[in-house]
Amino acid sequence: MSFEAFRCENGHVTYPDHTVCPECGAEQTDTVDLEDDTGTLVTWTTSTATPPGVREPNHLGIVEFDVEGATVRALGQLTTGDVESGARMTPVYCDELRDPETGIREKESQAWDGYRFAPVED
């Protein structure tokens, strides 16, 4: 699995993907792999009332990435709540973001893996 943002022919970058660019309406035809990139934590929060199968507490953040002069923001889980806005963050693959046994959907009907964001160690 890769951590990809999506770009239209006019250079706008979004995450997650859309069939058309929300800024200009052009088709999104290109992808940008952010898996090895470092972004900046814009803001974060901790949820203590989580849905079934989601860890508690669940630390969530918005991380902004610079993609060739454009910026794209992604919302995702954090690996820790010991962070501050402005921290440098990197995507970290996780094979199970939530417990597939406790969901209301058939576990074969969706992917359970994805990325969390971890602080970059100086």
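**View A. Meet Cys8, a buried cysteine.** Cys8 has a relative accessibility of 4%, so this residue counts as buried. This close-up, like the others here, comes from a predicted model. How many disulfides are there? With the cut-off for a sulfur pair set at 2.5 Å, the count is zero. Cys8 is in no disulfide, and its nearest cysteine sulfur belongs to Cys24, 3.7 Å away.

**View B. Cys21 and its closest cysteine sulfur.** Now we turn to Cys21. Is Cys21 buried or exposed? With a relative accessible area of 2%, Cys21 is buried. Why is there no bond to Cys24? The sulfur of Cys24 is the closest cysteine sulfur to that of Cys21, but at 3.8 Å it is too far for a bond. A disulfide would need the two sulfur atoms to be within 2.5 Å.

**View C. Asn58 and the residues around it.** Look here for Asn58, which lies in strand 5, a strand made of residues 58-67. The relative accessible area of Asn58 is 6%, so Asn58 is buried. Which residues does Asn58 touch? Leaving out residues up to four places away in sequence, Asn58 touches Thr45, Thr46, Ser47, Thr50 and Gln77. One of these, Gln77, also has a polar contact with Asn58: their side chains are joined at 3.5 Å.

**View D. Strand 4 and its partner strand 5.** Strand 4 covers residues 39-47. In which sense do strand 4 and strand 5 pair? The two run antiparallel, and seven bridges link them. To find your place in this pairing, start from Trp44, which stands opposite Gly61 in strand 5. A general point may help as you follow the chain: in a regular strand, side chains alternate between the two faces of the sheet.

**View E. Strand 4 and its partner strand 7.** Strand 4 also pairs with strand 7, which holds residues 88-94. How many bridges join strand 4 and strand 7? There are two, again in the antiparallel sense. Which residue of strand 7 does Gly39 face? Gly39 stands opposite Met89.

**View F. Asp122, an exposed residue after strand 8.** Our last stop is Asp122, found in the segment that follows strand 8 (114-119). Is Asp122 buried or exposed? Its relative accessibility is 99%, so Asp122 counts as exposed. How far apart are Asp122 and Arg88 in sequence and in space? They are 34 residues apart along the sequence, and their C-alpha atoms are 9.4 Å apart in space.

How values were computed
Residues numbered from 1 in each chain as written. Predicted model: local features only at pLDDT ≥ 70, side-chain atom pairs only at ≥ 80, totals over all residues. Heavy atoms only, no water. Helix = DSSP H or I, 4+ residues; strand = E, 2+ residues; numbered from the N terminus. Buried < 20%, exposed > 50% of the residue type's maximum accessible area, 1.4 Å probe, protein only. Polar contact = N/O pair within 3.5 Å; in protein donor to acceptor, adjacent residues only side chain to side chain. Contact = heavy atoms within 4.5 Å. Pairing = 2+ DSSP bridges.
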